[in-house]
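Visitor: Could you take me through one part of this structure closely, and then set that part in the context of the whole chain?

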Amino acid sequence: MTDLGLPEDIEACLFDLDGVVTRTAVVHAAAWKEMFDAFLRERDGEGFAPFTAADYDAYVDGRPRADGVRTFLASRGVELPEGGPDDPPAAATVHGLGNRKNELLLAKIRTDGVEPYDSTLTYLHAVRARGLRTGVVSSSANCRDVLRSIDAEDLFDVRIDGVVAAERGLPGKPAPDTFLAAARELGVEPARAAVFEDALAGMDAGRAGKFGYVVGVDRVGQADALYAHGADTVVTDLSELGGDA
């Protein structure tokens with residue numbers, strides 16, 4: 001292993017955004033809960049079963065927005081019309097609920113701002129100082145704006161996010177296609193790339209893509225689940241891997 005905590009043959013590192021680079025996973029979770037609880041309360045009345053942290057981990061975390069809506073609603077036996085990406089947030093459609101969640105998310109970000117994990121930024125600088133290529137792979141359509149807000153856009157050679165995935169018709173995590181697209185753009189075989197993810201769907205994507213090393217970042221106490229979904233190692237913070245810049 002290198003002083004970055006990675007196998008010697010790794011040439012590129014692919015990072016998820018929310019929960020790995022930025023402290024926005026908790027903001028996403030809060031926005032999902034507010035949106036789904038309001039929908040379920042209106043549908044089922046005050047006795048509704050609320051959206052939980054376990055629901056977030058199992059059905060939503062790491063997935064493209066519309067996929068998260070579909071997957072969670074299916075777990076509750078609820079079917080809605082698909083609608084379209086331009087549906088208003090009040091629409092009772094898959095895309096309408098997704099847009100309502102994004103509206104809530106952006107309001108929370110505007111109010112509270114976005115904070116990076118400083119240890120991740122330090123690790124990114126170390127990775128690049130050692131000549132490894134870097135990519136950010138996120139299901140978020142707000143990825144570029146978030147990176148710019150923390151002055152980190154130039155730390156990544158490639159960005160494959162929700163906007164790029166939609167343009168190219170790439171299925172999101174747990175499918176490996178977005179990670180594979182980033183590796184292709186970096187000119188690196190998957191077996192020589194490492195994936196850094198905090199979501200179970202991201203672990204599944206890393207395993208399905210046959211990436212050389214999959215690092216689970218455990219921010220919420222789910223190390224066993226990260227290993228079960230394909231992590232080669234699990235850390236609570238990237239500083240544990242080494243890589244002093």
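Guide: What follows looks at one loop residue and then at the chain around it. The model is a predicted one, in which local features need pLDDT of at least 70 and side-chain atom pairs count only at pLDDT 80 or more, while totals for chains, interfaces and linings use all residues. Residues are numbered from 1 along each chain as its sequence is written, and side-chain values use heavy atoms, with hydrogens and water left out.

Thr22 sits in the loop that runs between strand 1 (12-15) and helix 1 (25-44), where helices (H or I, at least four residues) and strands (E, at least two) are DSSP runs numbered from the N terminus. Thr22 has a relative accessibility of 0% and therefore counts as buried, a term that means under 20% relative accessible area with a 1.4 Å probe, protein chains only. Once its neighbours within four places in sequence are set aside, Thr22 is in contact with Leu17, Val114, Glu115, Pro116, Tyr117, Val146 and Ile150, contact meaning heavy atoms within 4.5 Å.

Turning to the whole, the protein chain has 10 helices and 6 strands. Its radius of gyration is 18 Å, close to the 18 Å that the globule rule gives for 245 residues, so the chain is as compact as a globular protein of that length; the radius is taken over C-alpha atoms, and the rule is 2.2 Å times the number of residues to the power 0.38. The C-alpha trace spans about 55 × 35 × 30 Å along its principal axes, and buried residues make up 53% of the 245 residues. Of the contacts with a separation of 6 or more, 60% join residues 24 or more positions apart.

Technical notes:
Buried < 20%, exposed > 50% of the residue type's maximum accessible area, 1.4 Å probe, protein only.
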